[in-house]
Amino acid sequence: MIQIGNKEMTYDEFMDDLTRRLAAMMGVKAEPVQPMKDVLTTSEACAYLGIKKGSLYQLVYNHKIPYFKGKGGKMNYFRLDDLREYKAGHYIPSVSEAAIIAESRRNRKEY
């Protein structure tokens with residue numbers, strides 16, 4: 001629970017209220033903040049990763065991202081933690097970071 005003045009609210013209520021207030025200040029329509037789910041559908045996983053369905057299916061086919069089937073066996077589902085791990089594993093370093101990595105590899109001693 002979050003206490004704002006004499007009003008107590010949940011985190012989700014606080015975020016919705018904050019979103020409405022900011023939208024009113026900016027003169028735009030407020031969209032409620034949705035809490036992130038632990039398990040995503042194929043469409044939601046694509047949106048999270050910023051890729052098309054065909055790309056996601058290729059990652060699944062190549063065993064790059066784990067998935068599971070629902071009870072009916074038709075829909076694929078993806079754990080958010082698995083998608084986060086995949087995203088984290090595909091970090092592309094900046095030019096300066098790449099130079100530091102290359103230098104450390106050159107200085108590494110071979111045994």
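This report describes a small sheet and a pair of helices in a predicted model.

**The sheet**

The sheet is an open one, built from 3 strands in the order β3-β5-β4, and its pairing is antiparallel. Because β3 (39–41) and β4 (68–69) stand at the edges and each has a single partner strand, one side of each is left without a neighbour in the sheet. Strand β5 (residues 76–79) is joined to β3 by 3 bridges, the two strands running antiparallel, and β5 also pairs with β4 in the antiparallel sense, here over 2 bridges.

Individual residues show how the strands are set against each other, and the table lists pairs of facing residues.

| Residue | Partner in β5 |
|---|---|
| Valine 39 | Arginine 79 |
| Leucine 40 | Phenylalanine 78 |
| Lysine 69 | Asparagine 76 |

In the hairpin of β4 and β5, 6 residues lie between the strands, and glycine 73 takes a positive phi near 80 degrees.

**The two faces of β5**

In a regular strand the side chains alternate between the two faces of the sheet. Such an alternation is found along β5, where Asn76 and Phe78 point to one face and are buried, whereas Tyr77 and Arg79 point to the other face and are not buried. Phe78, one of the buried residues, is the residue that leucine 40 stands opposite, while Arg79, which is not buried, stands opposite valine 39.

**Helix α2 between the sheet and α4**

Which strands does α2 touch where it packs on the sheet? Helix α2 touches β3 and β5, and its direction makes about 100 degrees with that of β3.

Helix α2 (residues 42–49) also meets helix α4 (residues 80–89), the axes of the two coming within 11 Å and crossing at roughly 30 degrees. Since angles under 35 degrees count as roughly parallel, α2 and α4 are therefore roughly parallel to each other. The crossing of these two helices is right-handed.

On the α2 side, the contact is made by Ala45, Tyr48 and Leu49, and these meet Leu80, Leu83, Arg84, Tyr86 and Lys87 in α4. The residues of this contact divide into 6 nonpolar, no polar and 2 charged.

Taken together, α2 packs on the sheet by touching β3 and β5, and the same helix comes together with α4 through residues that include Tyr48 in α2 and Leu83 in α4.

Notes. Residues are numbered from 1 along each chain as its sequence is written. This is a predicted model: local features need pLDDT of at least 70, side-chain atom pairs count only at pLDDT 80 or more; totals for chains, interfaces and linings use all residues. Side-chain values use heavy atoms; hydrogens and water are left out. Axes are lines fitted to C-alpha atoms, for helices over the stretch in contact, and angles run from 0 to 180 degrees between N-to-C directions. Helices (H or I, at least four residues) and strands (E, at least two) are DSSP runs, numbered from the N terminus. Angles under 35 degrees count as roughly parallel, over 145 as roughly antiparallel, 65 to 115 as roughly perpendicular and the rest as oblique. A crossing is left-handed if the near helix is turned anticlockwise from the far one by less than a right angle, and right-handed if clockwise. Contact means heavy atoms within 4.5 Å. Ala, Val, Leu, Ile, Met, Phe, Trp, Tyr, Cys and Pro count as nonpolar, Asp, Glu, Lys and Arg as charged, and the others, Gly among them, as polar. Two strands pair if DSSP finds at least two bridges between them. Buried means under 20% relative accessible area, exposed over 50%, partly exposed in between (1.4 Å probe, protein chains only).
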